[in-house]
Amino acid sequence: MLRHFLTYKTLMWMSIVALSLTACQSPSSDEAQQNSTPPPAAKVDVLTLIPQTVTVITELPARTVAFRQAEVRPQVNGIIEKRLFEEGAEVKAGQQLYQIDEAPFQAALQMAKAELARAEANIKSTKARADRFEGLINNKAISQQDYDDALASYLQAQAEVAVAQANIKTAEINLRYTKVDAPIEGRISRSNITEGALVTAQQDNALATITQIDPIYVDISQASKEILRLRRQLMSGKITEGDAAQVTLKLEDGSTYQHKGELQFSEVNVNADTGSLVMRAKFPNPEGLLLPGMYVKTEINEGTMQDAILVPHKAVMFSREGNANVMLVNSENKVEQRLIEVKQSIGHNWLVYEGLSGGEKVIVEGLQKIGVDAPVEIEVDTESTSLETKE
């Protein structure tokens with residue numbers, strides 16, 4: 001009987017183990033069935049690329065430079081008697097700024113005039129003597145030496161008259177230089193001297209500085225490789241050059257300057273230290289808003305590009321090495337990664353130079369839900385011609 005009881009107990013345990021194994025195996029089979037079912041396709045928004053004509057705008061750093069600047073210095077020695085301008089005011093070309101004591105120069109002019117009068121009186125007597133000796137030498141009444149001496153005295157008297165006349169002109173110029181005038185029109189700085197100060201001709205320290213800021217120059221720095229790229233595109237016909245390169249200015253506070261400028265010239269030598277060259281633009285500045293030395297940003301209209309491909313900033317990803325890439329939806333509705341080349345931003349978009357062509361579909365929304373070769377479902381399809389190309 002004990003043996004029958006043990007057999008019965010053993011059979012019960014075996015049944016329980018079998019049921020447990022069956023219970024454990026059943027969910028595993030369900031999971032395997034679920035894993036074999038492909039995940040649903042993620043929904044994404046795409047942009048169908050349509051080649052279009054765009055205006056190529058390049059943003060570059062720049063500095064404002066005075067149109068003209070002149071340092072006012074005295075041309076003669078003397079004591080400053082008066083200052084005849086208000087510091088910081090606008091002055092006209094030729095306007096008197098300082099008055100130097102003119103008494104010594106008036107005296108020098110009078111002395112030069114007296115020397116001229118004496119020379120002119122002397123020339124009369126020497127001329128008469130030379131004429132008289134000319135008649136006597138023909139009759140052999142005087143020696144040749146006497147005649148030569150008389151003629152030399154007359155010629156010397158003529159030279160003395162010329163010297164006296166030159167001294168008068170010099171004295172008049174020096175007297176005129178006692179009035180220190182503005183060489184150019186513009187805004188004058190503070191005065192570096194006061195009345196009673198002694199100044200010397202062409203001294204190192206300027207009396208004041210005049211700066212003309214209407215119009216005003218803007219010096220633009222551009223990398224030589226970018227100049228090379230632009231010229232190659234112009235040569236290949238990818239970019240059509242306009243009649244005149246228009247320049248727009250952005251000020252330090254982010255606002256856009258109301259007047260447009262125009263490129264004047266470009267340097268021909270590349271700076272060996274920075275690898276860049278300087279272009280100069282001229283802007284009207286009637287309000288005096290722009291001051292020399294200000295940091296600004298310029299937007300240069302380089303021309304028009306035909307068949308350009310634009311991709312929104314949010315659709316482009318960059319690797320650690322700086323390589324740009326996008327995600328595309330291919331003909332099988334699967335995700336494809338593509339390496340592209342971008343060099344320039346236009347509005348809120350990248351201008352693509354290599355890697356994409358018209359008709360391809362770039363994913364712009366839903367990038368966080370996809371992976372390479374994953375199936376996707378296009379929910380919204382927009383054409384790239386609807387992109388905004390301005391800030």
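Biologist: Buried means under 20% relative accessible area, exposed means over 50%, and partly exposed lies in between (1.4 Å probe, protein chains only). What share of the residues of the protein count as buried?

Modeller: This is a predicted model, in which local features need pLDDT of at least 70 and side-chain atom pairs count only at pLDDT 80 or more, while totals for chains, interfaces and linings use all residues. Residues are numbered from 1 along each chain as its sequence is written, and side-chain values use heavy atoms, with hydrogens and water left out. Of the 391 residues of the protein, the buried share is 34%.

Biologist: How much of the accessible surface belongs to carbon and sulfur atoms?

Modeller: Accessible areas come from the Shrake-Rupley method with a 1.4 Å probe, and for residues only the protein chains shown count as cover. The accessible surface of the protein is about 24100 Å². The part that belongs to carbon and sulfur atoms is 51%.

Biologist: How many helices and strands are there in the protein?

Modeller: Both are DSSP runs numbered from the N terminus: helices are H or I with at least four residues, strands are E with at least two. By that rule the protein has 4 helices and 20 strands.

Biologist: Does the span of helix α3 agree or disagree with 1.5 Å a residue, and what is the distance between its end C-alpha atoms?

Modeller: The expected span is 1.5 Å times one less than the number of residues. Helix α3 covers residues 144-177, which is 34 residues, so it should span 50 Å. The prediction agrees, with the end C-alpha atoms apart by 50 Å.

Biologist: What covers the buried residues of α3?

Modeller: The buried residues in α3 are Tyr147, Ala150, Tyr154, Ala157, Val161, Ala164, Ile168, Ala171 and Leu175. Their cover includes helix α2 and strand β6 (179-181).

Biologist: Which residues have the most contacts inside the largest nonpolar core?

Modeller: A nonpolar core is a set of buried Ala, Val, Leu, Ile, Met, Phe, Trp, Tyr and Cys residues joined through side-chain atoms within 4.5 Å. The largest has 32 residues, and β2 (52-72), β5, α2, α3 and β9 (208-223) each supply at least two of them. A second, separate core has 24 residues, including Leu47, Ala315, Tyr353 and Val362. In the largest core, the residues with the most contacts are Leu97, Tyr98, Ile188, Leu207 and Ile210.

Biologist: What share of the contacts with a separation of 6 or more joins residues 24 or more positions apart?

Modeller: Contact means heavy atoms within 4.5 Å. Leaving aside neighbours within four places in sequence, Leu97 is in contact with residues including Val72, Val180, Ile188 and Ile210. Over the protein, the share from residues 24 or more positions apart is 77%.

Biologist: Which strands stand at the edges of the 4-stranded open sheet, and why is one side of each left without a neighbour?

Modeller: Two strands pair if DSSP finds at least two bridges between them. The order is β6-β5-β3-β8 with antiparallel pairing; within it, 3 bridges join β3 (residues 78-83) to β5 (residues 96-100), and Lys82 stands opposite Gln99 in β5. One side of each edge strand is free because the strand has a single partner, and these edge strands are β6 and β8 (198-199).

Biologist: Which residue in β14 does Val247 stand opposite?

Modeller: Strand β11 (residues 246-250) runs antiparallel to β12 (residues 261-266), joined by 2 bridges, with Gln246 and Glu262 as bridge partners. Strand β11 also runs antiparallel to β14 (residues 295-312), joined by 4 bridges. There, Val247 stands opposite Ile300.

Biologist: How many salt bridges does the structure hold?

Modeller: A salt bridge is a side-chain nitrogen of Lys or Arg within 4 Å of a carboxyl oxygen of Asp or Glu. One of them pairs Arg118 with Glu115 at 2.5 Å; being 3 residues apart in helix α2 (residues 103-138), they are separated by about one helical turn. Glu336, Arg338 and Glu360 are linked in a network of salt bridges. The structure holds a total of 11.

Biologist: Which residue forms a salt bridge with Glu90?

Modeller: The closest N and O atoms of the pair are 3.3 Å apart. Glu90 is in strand β4 (residues 90-91), and its partner lies 97 residues away in strand β7 (residues 186-188). The partner is partly exposed, at 36% relative accessibility. It is Arg187.

Biologist: Which residue meets Lys361 in a salt bridge?

Modeller: The N to O distance is 2.7 Å, and the pair links strand β19 (residues 361-365) to strand β20 (residues 376-383), 20 residues apart. Lys361 is partly exposed at 25%. Its partner, partly exposed at 41%, is Asp381.
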